[in-house]
Amino acid sequence: MAAAPAGAQQVAPDGSVVAAAAAGAVDLERIEVRPQLEAQTRAVELKRDANGIQDGIASDSMGDYPDMNVAESLQRLPGVSVTRDQGEGRFVVVRGLDAALNSVSIDGIAVGTPEDSSRGAPLDVIPTDSTERLRVIKSATPDMPGDAIGGSVVVESASAFDRDGRSLKGKIEASHQQLSGETSPKAAFNYSEVFNDTFGVALGVNYQKRTFESDNTEAAYDTFDGGADDDLVVTELQRRKYTIERERTGANLNLDWHPDDDNRYYLRTLYSRFDDAETRQRTVFGLEDGSISALGNGRYQVDDLPADAISKRMRYRTKEENTFAASLGGENRLTNAVLDYRLGYTKTRERVNDEMETRFKYDGDDLSATIDQNSGIPGLSLSDNGWTDSANYKFDRVVLAPKQVDDSERSAQVNIRFDGDHASYKFGVLGRWRERAVNVDEAELRKGPAVDLTTWNGETLDHRGGPLGQGMSSAAMRRWWAANGNLYSARPQEVAGNVMTSLEEDYTANEDILAAYAMGTWDIGALRVIGGVRVENTQFEAAGNQVDIDADGKNAVVTPRTASNSYTNVLPGLHLRYDTSNNWVLRGAVNKTVARPSFGDVSPRLGVNRDDMEVRVGNPMLDPYESTNLDFSIERYLGDSGIVSLGLFNKSIDGYIVETITDEDAEYPGFDVTRAINGDKAKVFGAEFNWQQQLAFLPGAWSGLLVGVSGTWLDTDYDPGIAGRHNDDFTLPRASKNVYSAHVGYEWAGFSTRLAGVYRSEYLDTIGKNSAYDIYVAPHTQLDFSLDYKFSKNMSVYFEASNLLDKPLELYQGVRSRTLQNEEYGRTYAVGLKVAL
């Protein structure tokens, strides 16, 4: 958090600013602290001054929550939610639309993604300490990139001119995860200074290391012989234990030169590195291999369960994700115009070079089991416990799965604006040149020396979902592979399958976008009208592989494939903003936006498995999503830091892309063919409400209260075009009907504390062959607490607690009682020290 310069100003309980000398005359020892109020004021200013509809977070508010990354911070905004990975927010969902339908930029330039197929940019790789402001723009004006059906997520790092004089800030922290019992470090340092009122330097570095665990239970459900069509039993149960060491490193260096009032030049750089070392131990119970019968009341009997239906598996991998963004530009005020320009470069990459999993099968007597499906997570009782002993397992296979992704983009843009008395006219061009290369490999190796699993015995780990059996040491596994890996190979019947999993998903792609726009802004009293049109042309080229496995499954033929596509989108927009003199602001907008197909969907890949009668094919001729958007909002500003707002929005999305599976393909009759197609229109209607305010009208110390409530309500509809399900109603995947957030804060005499909660209702994740196989993510509530005490004008200590309710990530199949996945993380606590000079 930023602190005001010592001796400069103080804030009275009602939020007004008073001279330090006057306040000191009353109480020399008193320290006033208003970091939440300051951040809230800046965020409200960002919203009120915007031409379009947006919400934002100022840098000081980052410290108000125990947020580890940018995604976690953005979930506090109305209309914004997150999807999670290992308990941390990763992808940002704006107004219920998939993260792949958002654009993400860092300091004005688009950032890529390390994901191998999706366009969704993960935001857990960017620490909050590397940023100054975060904005989510929900109605893009014509001078903004048009690939923003969900919204535009704008990440901005700090300029020295954002602060007064020299600023030094530092932070050290220790966090403790309840589930693992591990304590982890975090540190951040930020410096900025303006020299001679013309040259500014802003520098920041930060580091975090987390060691944590998660307990995961997963199940699969299906019908069974002799059971009713609507009676689904758990056919496979997995207990998984994750042990993770996660490191984030961030740095930014920003230079600004303002030689005079008419000329400005800048360099912005931001780098983040995300390292993730993960060990996954799991025990798999393949219950469908036995004879299943119903006992009634949600209980089932499994007889004649073969021993090898139980397996123990251990996976280890290190994942490195790097993001680098740099932009160089300037702004010049000419006699009759303002000219601005920017060159940009971003590079994102992922490396998973060492992923391996070893698998062992239980080598004992056949068993019987009892299943109890009355308690959410299925209960499982086995007739004996021999499966818990590593001595009773024999080696099955090694699975290697390395992956490399490179994504880079170069960009150049020029804008010129002509200002009149009550109007301005703006024109611009933007070029973006993007390159991607994806190499996804997998190979199964079963030929090789046997392994005595007891030589890998490690600590037996606790698991909230039930026992895993004897623990395994991933360090022992890696030592074994380093010494013996060259002795393992694939069996002849698996060579063709390894070729397919190694080459089918690989591709390289080039995407060139040239955009131009014209936009006018007219001020008519309190009304501002913004109208214009943007045109974006996309040129796409890609290369991939066709892998064809013959009918006996032993031979594969690989053929290179190439494809190209070109399309142009015309994107008009009209925006209205009416700012009254009594703190009411009304906004309205109608515009068109696009989202380009995912790279995995349009890559020219083709996998034909004539043995399994399956085909997976890319579709390079997919059209982009194109959305017509209507927005309206009414906002009432309450002083400098309060707001009450209500917004309505509607999106009509043509060509919504869905993945289909059919056995009626003309080219491959009788095969199950999987491909993405442009489906029918998708519709989204929603409302957003937001209220936040300092209760300055309350007497005395009560005036330090800050409160906020926001809510989003969605009604979505689309037809995925799946055979046999034309009469079913579908919501858009990952679109929660309700998202709520609330906070209560308090600041007084050096104390700043906040309790914040976010609730997201259930949402559809995956569409199955019928409604009993649809997969949903269950409702989730996140509750966090923070406390900051400023014991001198330059130093403060803080305490943070996250996931106070200890809520798991839960998925279910068809109905809520069929828990498909339950992953628990426990609570996390942190204490730290901040210094600001």
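**Notebook: salt bridges and aromatic contacts**

I looked up Lys403 in this predicted model and found a salt bridge with Asp116, the closest N and O atoms being 3.4 Å apart. Lys403 lies in strand E23 (residues 403-419) and Asp116 in the loop between E7 and E8, so the bridge ties together parts 287 residues apart in sequence. I noted both Lys403 and Asp116 as buried.

I then recorded a salt bridge from Lys403 to Glu350, with 3.1 Å between the closest N and O atoms. This pair links distant parts of the chain, Lys403 in strand E23 and Glu350 in strand E18 (residues 338-352), 53 residues apart. Glu350 has a relative accessible area of 2%, so I entered Glu350 as buried.

Which residues are joined by salt bridges that share partners? I listed Asp85, Glu88, Arg210, Arg246, Arg248, Asp276, Glu278, Arg315, Arg317 and Glu355 as one network.

My search of the whole structure gave 73 salt bridges. Among them I looked up Arg90 and Asp124, whose side chains meet at 2.8 Å, N to O. Arg90 lies in strand E5 (residues 88-94), and Asp124 in the loop between strand E7 (109-110) and strand E8 (133-137), so the pair connects parts that are 34 residues apart in sequence. I recorded Arg90 as buried, with a relative accessible area of 6%. Asp124, at 0% relative accessibility, is also entered as buried.

Turning to the rings, I counted 24 aromatic pairs. Phe360 and Trp456 have ring centres 5.5 Å apart and planes at 90 degrees, so I classed the pair as edge-to-face. Phe360 is in strand E19 (residues 356-362) and Trp456 in the loop between strand E25 (443-445) and helix H4 (474-484), 96 residues apart. Both Phe360 and Trp456 are buried.

I next noted a stacked pair, Tyr740 and Tyr759, with 6.0 Å centre to centre and 15 degrees between the planes. Tyr740 belongs to strand E38 (residues 738-748) and Tyr759 to strand E39 (residues 751-760), so this contact ties together parts 19 residues apart in sequence. I entered Tyr740 as partly exposed, with a relative accessible area of 31%, and Tyr759 as partly exposed at 28% relative accessibility.

I recorded one aromatic cluster formed by Phe360, Phe395, Trp456, Trp480, Trp481 and Tyr488.

Finally, I looked up charges over rings. The charged end of Arg48 sits over the ring of Tyr637, 4.8 Å from its centre. Lys312 lies over the face of Tyr393, 5.9 Å from the ring centre.

Note on methods: Residues numbered from 1 in each chain as written. Predicted model: local features only at pLDDT ≥ 70, side-chain atom pairs only at ≥ 80, totals over all residues. Heavy atoms only, no water. Phe/Tyr/Trp six-rings, centres within 6.5 Å; stacked < 30°, edge-to-face > 60°. Helix = DSSP H or I, 4+ residues; strand = E, 2+ residues; numbered from the N terminus. Buried < 20%, exposed > 50% of the residue type's maximum accessible area, 1.4 Å probe, protein only. Lys NZ or Arg CZ within 6 Å of the ring centre and 35° of its normal. Salt bridge = Lys/Arg side-chain N within 4 Å of Asp/Glu carboxyl O.
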